Amino acid sequence: MASRRQCRLLTDLPMEVLIDIAGHVAATSFQPMEDLGRLRATCRVMRRACGDPSVGRRVALLRTYWEDMQWNEPDRYYALLALLVGVGNPEACTLIGIVDFFATPQPSLHELSRAAVGGHDVGAYLCALMMYRNNGGAADDDIAKMYICRVEGEDGSAASGSADPKELRND
C-alpha cells in the first residue's frame with residue numbers, strides 16, 4: 001500500500017532529487033540566478049536545495065546574459081563570480097584564472113587548475129598552455145599533455161563527442 005502512495009509535496013521527494021532539479025535549472029537556464037531565486041522562493045525545502053554548493057558548480061556562466069550583466073552591472077557580476085569561484089564553478093574559475101595569470105604581478109595557475117580538475121575544457125586547455133609557457137619541468141609538461149589529451153578526447157573520455165577518433169572537436 002505504501003508503494004502506491006503518490007508524491008504530493010516537494011518535501012516528499014529526497015533532497016538529492018531536489019538538488020538535481022535545482023542543478024538542472026542552473027545548468028540550462030539563460031537567467032540562472034533569477035530562475036534559482038524564483039525556485040528558492042517556492043518553499044523552505046527548495047531554498048535548502050538551491051543553496052547546495054553542487055548547484056553553484058553547475059551554473060552556466062558563459063552565456064549572452066552574463067556578458068550583458070558584466071557590462072551593465074559590474075559590481076553584481078564580480079560579486080557573483082567570486083561566489084561561484086568559492087563553490088568551485090569551473091567556468092568561474094576559468095574566468096578568474098585568466099585574470100590571475102595575466103593581470104597580477106605574481107602569475108598563478110591555481111584557478112585554472114581548479115577549472116581543469118572540475119572538467120572545464122577551456123580551463124584545461126589554458127592551464128596546459130600556461131604550463132608549457134612557464135616551462136616548469138617534466139612534471140608540468142606531463143600534466144599539460146594530460147589536459148591537452150583530455151580536451152582532444154584522446155584519454156578515452158567523451159570530450160570529442162564523436163565515435164571516430166580522427167574527427168576531433170573542441171566544443
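User: What makes the crossing of H1 with H2 right-handed?

Analyst: H1 passes H2 in a right-handed crossing, a label that applies if the near helix is turned clockwise from the far one by less than a right angle, while an anticlockwise turn makes it left-handed. This is a predicted model, in which local features need pLDDT of at least 70, side-chain atom pairs count only at pLDDT 80 or more, and totals for chains, interfaces and linings use all residues. Residues are numbered from 1 along each chain as its sequence is written, and side-chain values use heavy atoms, with hydrogens and water left out.

User: Which residues make that contact between H1 and H2?

Analyst: On H1 they are Ala22, Val25 and Ala26, and on H2 they are Pro32, Asp35, Leu36 and Leu39. Contact here means heavy atoms within 4.5 Å. By class you get six nonpolar residues, no polar ones and one charged. The nonpolar class is Ala, Val, Leu, Ile, Met, Phe, Trp, Tyr, Cys and Pro, the charged class is Asp, Glu, Lys and Arg, and the others, Gly among them, are polar.

User: Why are H1 and H2 called roughly antiparallel?

Analyst: Helix H1 (residues 15-28) and helix H2 (residues 32-40) pack at an angle of about 155°, with axes 8 Å apart. Angles run from 0 to 180 degrees between N-to-C directions, and the axes are lines fitted to C-alpha atoms, for helices over the stretch in contact. Under 35 degrees counts as roughly parallel, over 145 as roughly antiparallel, 65 to 115 as roughly perpendicular, and the rest as oblique. H1 and H2 are therefore roughly antiparallel.

User: What about Pro32 in H2, why is that one called buried?

Analyst: Pro32 has 0% relative accessibility, so it counts as buried. The cut-off is under 20% relative accessible area, with exposed over 50% and partly exposed in between (1.4 Å probe, protein chains only). The C-alpha atom of Pro32 also sits 6.7 Å from that of Val59, 27 residues along the chain. Across the protein, buried residues make up 33% of the 171 residues.

User: What is the overall makeup in helices and strands?

Analyst: The count is 10 helices and zero strands. Both are DSSP runs numbered from the N terminus: helices are H or I with at least four residues, strands are E with at least two.

User: H7 and H8 also pack at about 155°. Which way do they run relative to each other, roughly parallel or roughly antiparallel?

Analyst: Their axes are 7 Å apart, and that angle makes H7 and H8 roughly antiparallel, therefore. The crossing is left-handed. Pro90, Cys93, Thr94, Ile96, Gly97, Ile98 and Asp100 of H7 meet Glu111, Leu112, Arg114 and Ala115 of H8. That contact has six nonpolar, two polar and three charged residues.

User: Why are H8 and H9 called oblique, then?

Analyst: H8 and H9 pack at about 135°, with axes 7 Å apart. That value fits none of the named ranges for parallel, antiparallel or perpendicular, so the pair is oblique. H8 passes H9 in a left-handed crossing. In the contact, Leu112, Ser113, Ala115 and Ala116 of H8 meet Gly123, Ala124, Leu126, Cys127 and Met130 of H9. These residues divide into seven nonpolar, two polar and no charged.

User: How do you know that the end-to-end span of H9 agrees with its 14 residues?

Analyst: The expected span is 1.5 Å times one less than the number of residues. For H9 (residues 121-134) that gives 20 Å, and the end C-alpha atoms are 20 Å apart, so the two agree. H7, with 13 residues, should span 18 Å, and its end C-alpha atoms are 18 Å apart, so that agrees too.

User: What covers the buried residues of H9?

Analyst: The cover includes H7 (90-102), H8 (110-117) and H10 (138-152). The buried residues of H9 are Gly123, Ala124, Leu126, Cys127, Ala128, Met130 and Met131.

User: What makes Thr94 and His120 buried?

Analyst: Thr94, in H7, has a relative accessible area of 3%, so it is buried. His120, in the loop between H8 and H9, comes in at 13%, so it counts as buried as well. Setting aside neighbours within four places in sequence, Thr94 contacts Leu112, Ala115, His120, Val122, Gly123 and Leu126. On the same basis, His120 touches Leu62, Pro90, Glu91, Thr94, Ala115 and Arg150.
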